[in-house]
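Visitor: I am new to this structure. Please pick one part, look at it closely, and then show me how the rest fits around it.

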Amino acid sequence: MNNVLHAHNGVAGWYKIEAFRVDGQGNEVPGSRRVAADWFPNLITNAGLDLLGTTGSTPVQSFCRVGSGNTAPAFTDTALVSQVAVSSTVQSDTNGVDRTGAFYGWRRRTIRFVAGTATGTLAEVGVSALAAGPLFSRALILDGGGNPTTITVLSDEVLDVTYELRIYPTMTDATGSVVIAGVTYAWTARPLNNATYDSRWGQYIGCGVGFNTTAGNISILGPSALATLPAQGSTPTSPVNGTSMNPQAYTAASYQRSFRMDFDLNDGNVAGGIGAFFAATESFQTGGAWAWGLSPKLPKTSSFKATFTVRMSWGRYTP
């Protein structure tokens, strides 16, 4: 058996820029911190979307770059127009989920430029996986009204740039069908936002898209077969681990990657038939927690093996 089931995440990012003075010992001068530019959105580049398919354990926001160029961002951008400084000094790295509106996971990294390195008039900002690699995102610095502006960083000021990367799963069930051994099965893709999986949605955002690839190390996170499709807000019950889950090669500019679930003779044999599959991300992966339901249930016994492919796609989030 070899069949494809789908899922989709949207991605978006926001910047905040602060500056403060330091004394002769390098300590922050109390009361000197200022918000040079409050939260404003960015443009995620085409190269940035590709990075999510290829970057692996290196976060796409590992480096921050600032510059003085004022050319409007474009999807084809790979570098700043006029770079002034680059830094990878992580001051903080936090993550979580937001349920106040559209559900999303977030990871917020603050990268610091020491005094004297990002001095002058700045108009653009970006983040990237490598110091000189293609930009994941680029933005003109915006004022409170959403208009391009510039900020001035003095020679005795430290610059803190915070980048918040968000992942928005498509919460509405996606559906489709596959034909297996002459039988048509309807499938349903459903992201699971139970608090149990909060770290799967937020902790490693920015690393390559992926799912747990080893079935036994954390039982519920391995590729699992289930009797029924879990309801939204719940957790899977009585999962039966698969044999393995293997990432397939990424094709540039496709913004999707497939992962093959393998169930050997003695794996995935659910009484009454397989009603759903479950997979979640682990360390250094972006993706979340997902279940894919089948109707009618698929019979699977120790007489044969089964192979299924789940395909995660991603793109720029639009509300």
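Guide: Start with one residue, Ser-238. Keep in mind that this is a predicted model. Ser-238 is exposed, with a relative accessibility of 62%. The cut-off for that word is over 50%. Ser-238 sits in the loop that runs between β15 (224-226) and β16. Its backbone is worth a look too. The phi of Ser-238 is near 50 degrees, which is a positive value in a residue other than glycine.

Now follow that loop into its sheet. The strands β15 and β16 belong to an open sheet of six strands. Read across, the order is β13-β14-β20-β19-β15-β16. The pairing is antiparallel. Two strands stand at the edges, β13 (174-180) and β16 (240-241). Each has a single partner strand, so one side of each lacks a neighbour in the sheet. So the loop of Ser-238 leads to β16, and β16 is an edge strand.

Move inward to β20. This strand covers residues 289-298. Seven of its ten residues are buried, so β20 is mostly covered. In the sheet order, β20 stands between β14 and β19.

Take the β14 side. Strand β14 spans residues 183-191. It pairs with β20 in the antiparallel sense, over six bridges. One pair to find is Ala-186 and Ser-295: Ser-295, in β20, is the bridge partner of Ala-186.

Stay at Ser-295 for a moment. The peptide bond from Ser-295 to Pro-296 is cis, with omega near 0 degrees. Pro-296 is itself found in strand β20.

Now take the β19 side. Strand β19 holds residues 274-280. It also pairs with β20 in the antiparallel sense, over six bridges. Here Phe-278 stands opposite Ala-291 in β20. As you trace these strands, one general rule helps. In a regular strand the side chains alternate between the two faces of the sheet.

Another loop shows a positive phi. Ala-253 lies between β17 (244-247) and β18 (256-263). Its phi is near 70 degrees, again in a residue other than glycine.

Next, go back along the chain to another sheet. It is open, with five strands in the order β3-β10-β9-β4-β5. Its pairing is antiparallel. At its edges stand β3 (43-44) and β5 (83-87). Each has a single partner strand, so one side of each is left without a neighbour in the sheet. Further in, β4 (residues 63-67) runs antiparallel to β9 (residues 124-128). Five bridges join these two strands. In one of the pairs, Val-66 has Val-125 of β9 as its bridge partner.

Helix α1 takes up residues 46-54. Its buried residues are Ala-47, Gly-48, Leu-49, Leu-51, Leu-52 and Gly-53. A general point helps when you view a helix. An α-helix has 3.6 residues a turn, so residues three or four places apart point the same way. Just after α1 comes Gly-56, with a positive phi of about 65 degrees.

What about the cysteines? The structure holds zero disulfides. Look at Cys-64 to see why. The cysteine sulfur closest to that of Cys-64 is in Cys-207, 17 Å away, which is too far for a bond. The cut-off for a disulfide is within 2.5 Å. Cys-64 is buried, with a relative accessible area of 1%. Cys-207 is also buried, and its relative accessible area is 1%.

Now step back to the whole chain. It has two helices and 21 strands. Its C-alpha atoms fill a box of roughly 75 × 35 × 30 Å, taken along the principal axes. Of its 319 residues, 51% are buried. Among contacts with a separation of 6 or more, 74% join residues 24 or more positions apart. The accessible surface comes to about 12,900 Å², and carbon and sulfur atoms account for 51% of it. The chain carries 21 positive and 20 negative side chains. The centres of those two sets lie 7 Å apart.

Finish where the tour began. Ser-238 is exposed, in the loop between β15 and β16. From there the sheet leads to β20, a mostly covered strand.

Note on methods:
Residues are numbered from 1 along each chain as its sequence is written. This is a predicted model: local features need pLDDT of at least 70, side-chain atom pairs count only at pLDDT 80 or more; totals for chains, interfaces and linings use all residues. Side-chain values use heavy atoms; hydrogens and water are left out. Two strands pair if DSSP finds at least two bridges between them. Helices (H or I, at least four residues) and strands (E, at least two) are DSSP runs, numbered from the N terminus. Buried means under 20% relative accessible area, exposed over 50%, partly exposed in between (1.4 Å probe, protein chains only). Contact means heavy atoms within 4.5 Å. Accessible areas come from the Shrake-Rupley method with a 1.4 Å probe; for residues, only the protein chains shown count as cover. Lys and Arg count as positive and Asp and Glu as negative; His and the chain ends are not counted. The place of a charge is taken as NZ of Lys, CZ of Arg, CG of Asp or CD of Glu.
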